[in-house]
Amino acid sequence: MAARRPRMKWSVMSQKVQAVIVRAKDAPVETVTIIVPDPGPGEAVVDILTCGVCHTDLHYKLGGIGNEYPYLLGHEATGVVSKIGEGVDNVQVGDRVILNWRAVCGQCRACAKGQAQYCFNTANATQKMTLEDGTELSPALGIGAFAEKTLVAAGQCTKVDEDVDAAAVGLLGCGVMAGIGAAINTGEVKRGESVAVIGCGGVGIAAIAGAQLAGATTIVAVDIDDDKLAMAKNMGATHTVNSKNEDAVEGIKAVTGGFGADVVIEAVGRPETYKQAFYARDLAGRVVLVGVPTPEMKLELPLLDVFGHGGSLKSSWYGDCLPSRDFPMLVEQYKLGRLDLDAFVSERIGINDVEAAFTKMGEGKVLRSVVEL
């Protein structure tokens with residue numbers, strides 16, 4: 001048996017590191033010095049290697065998630081555990097990890113039912129990272145990984161192999177996992193089924209990759225951008241529909257025998273596209289909503305149509321993933337050449353390039369910009 005690495009003991013100390021924050025709604029991001037405390041009980045400090053620039057970070061910047069500014073942005077990350085607090089036994093100093101925002105409690109009603117992927121009481125670090133003047137920071141999704149180091153709950157660390165590209169596998173920490181999980185976990189795509197994905201951004205493209213991994217034989221990509229549809233084809237789509245030029249529902253039905261798809265994944269988060277997903281599925285088919293709507297959006301559907309179509313209407317939270325189960329499995333699929341995570345890395349950037357990456361994201365020019373530290 002291999003010897004276990006020595007564990008660091010908890011001490012009341014801190015470190016100064018560079019990080020990216022946003023101070024107010026829609027303000028430009030700033031690179032500043034922050035204070036990262038040593039880990040307390042149940043906590044870990046992670047030296048960040050890579051962090052993807054995700055739409056969720058942009059939502060924080062624009063005020064779409066909360067107003068607990070200043071926010072320490074970044075959450076789609078890989079790193080190396082550098083310190084652990086008392087009672088931590090799931091990771092050791094030196095472990096390569098992917099960070100996640102679902103550190104399950106093991107005790108809530110979801111966990112008690114054996115459905116830890118829905119844990120209602122996920123953990124974050126108890127201590128706060130701060131600016132040099134003592135101002136407390138709100139880490140995005142409890143992580144805050146646009147930083148040289150970050151403090152997290154140890155349960156937010158999932159150990160993975162070191163012999164893989166950190167920038168690629170780190171994307172499992174949020175968007176890519178959300179898409180793949182929408183297909184495999186929530187949609188329960190089976191071998192030989194047909195799948196349609198509406199919206200071919202990063203999450204939608206990942207859903208296509210997940211459908212292919214699950215064995216779907218007909219995969220229809222729907223978007224209004226031909227460049228995104230071309231990327232979808234490269235990631236496993238067998239057919240494409242440009243819904244700016246043709247009706248999405250009819251386009252999906254045309255390549256599924258006139259019946260509609262077994263599973264339709266809506267990766268936009270709008271009432272109009274959700275209706276397309278609802279009517280583009282086969283009788284008794286499944287609709288999966290993984291696109292995130294805004295609070296004011298409303299959906300109207302004839303109740304008789306809901307009854308008459310049968311099947312199921314599901315929402316996918318973080319791809320209904322369980323990081324300890326799903327991350328190592330998907331990293332192994334990547335190593336085997338069955339899941340092309342490299343294709344999601346559009347560019348590698350520095351910590352001072354996050355604002356420009358948000359601009360490229362808004363222009364639809366990238367799947368993922370990845371900060372390398």
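In this predicted model, R325 and D326 are joined by a salt bridge whose closest N and O atoms lie 2.7 Å apart. The two partners differ in burial, because R325, at 39% relative accessibility, counts as partly exposed, whereas D326 is buried, with a relative accessible area of 4%. The points below take up further salt bridges, then a parallel sheet with a helix packed on it, and finally two separate nonpolar cores.

**Salt bridges**

- Side chains of opposite charge can pair when their charged atoms come close.
- The salt bridges of this model come to a count of 17.
- K149 and D47 form one of these, with 2.5 Å between the closest N and O atoms, and the pair links distant parts of the chain, since K149 belongs to strand β9 (residues 149-153) and D47 to strand β3 (residues 43-52), 102 residues apart.
- Within that pair, K149 has a relative accessible area of 15% and is therefore buried, while D47, with a relative accessible area of 25%, is partly exposed.
- K159 and D95 also meet through their side chains in a salt bridge, at 3.6 Å from N to O, and they too come from distant parts of the chain: K159 sits in strand β10 (residues 157-159), D95 in the loop between β5 (76-84) and β6 (96-99), and 64 residues separate them.
- Here D95 counts as buried, because its relative accessibility is 2%, whereas K159 is partly exposed, with a relative accessible area of 48%.
- A network of salt bridges links D26, K61 and E355.

**The six-stranded sheet and its helix**

- Six strands with parallel pairing make up an open sheet, in the order β13-β12-β11-β14-β15-β16.
- The edges are occupied by β13 (239-242) and β16 (312-315), and each of these has a single partner strand, so one side of each is left without a neighbour in the sheet.
- On average, and with direction ignored, neighbouring strands of this sheet are turned by 20° against each other.
- Strand β14 (residues 261-266) runs parallel to strand β15 (residues 281-289), and five bridges join the two; E266 has L289 in β15 as its bridge partner.
- Helix α8 (residues 271-279) packs on the sheet, where it touches β11 (194-198), β14, β15 and β16, and the direction of α8 makes about 150° with that of β15.

**Nonpolar cores**

- The largest nonpolar core has 49 residues, of which L172, V176, V195, I208, I265, L341 and F344 touch the most other members.
- Helices and strands both contribute to this core, with at least two residues supplied by each of α3 (166-169), α4 (175-186), β11, α5 (202-214), β12 (218-223), α6 (226-234), β14 and α10 (323-335).
- Helix α5 gives the most to this core, namely seven residues.
- When neighbours within four places in sequence are left aside, I265 is in contact with A182, A183, V195, A196, V197, I198, A207, V288 and V290.
- A second core, separate from the one just described, comprises 36 residues, among them Y69, L99, A145 and M361.

How values were computed. Residues numbered from 1 in each chain as written. Predicted model: local features only at pLDDT ≥ 70, side-chain atom pairs only at ≥ 80, totals over all residues. Heavy atoms only, no water. Pairing = 2+ DSSP bridges. Helix = DSSP H or I, 4+ residues; strand = E, 2+ residues; numbered from the N terminus. Axes fitted to C-alpha atoms, helices over the stretch in contact; angles between N-to-C directions. Contact = heavy atoms within 4.5 Å. Salt bridge = Lys/Arg side-chain N within 4 Å of Asp/Glu carboxyl O. Buried < 20%, exposed > 50% of the residue type's maximum accessible area, 1.4 Å probe, protein only. Core = buried A, V, L, I, M, F, W, Y, C linked by side-chain atoms within 4.5 Å.
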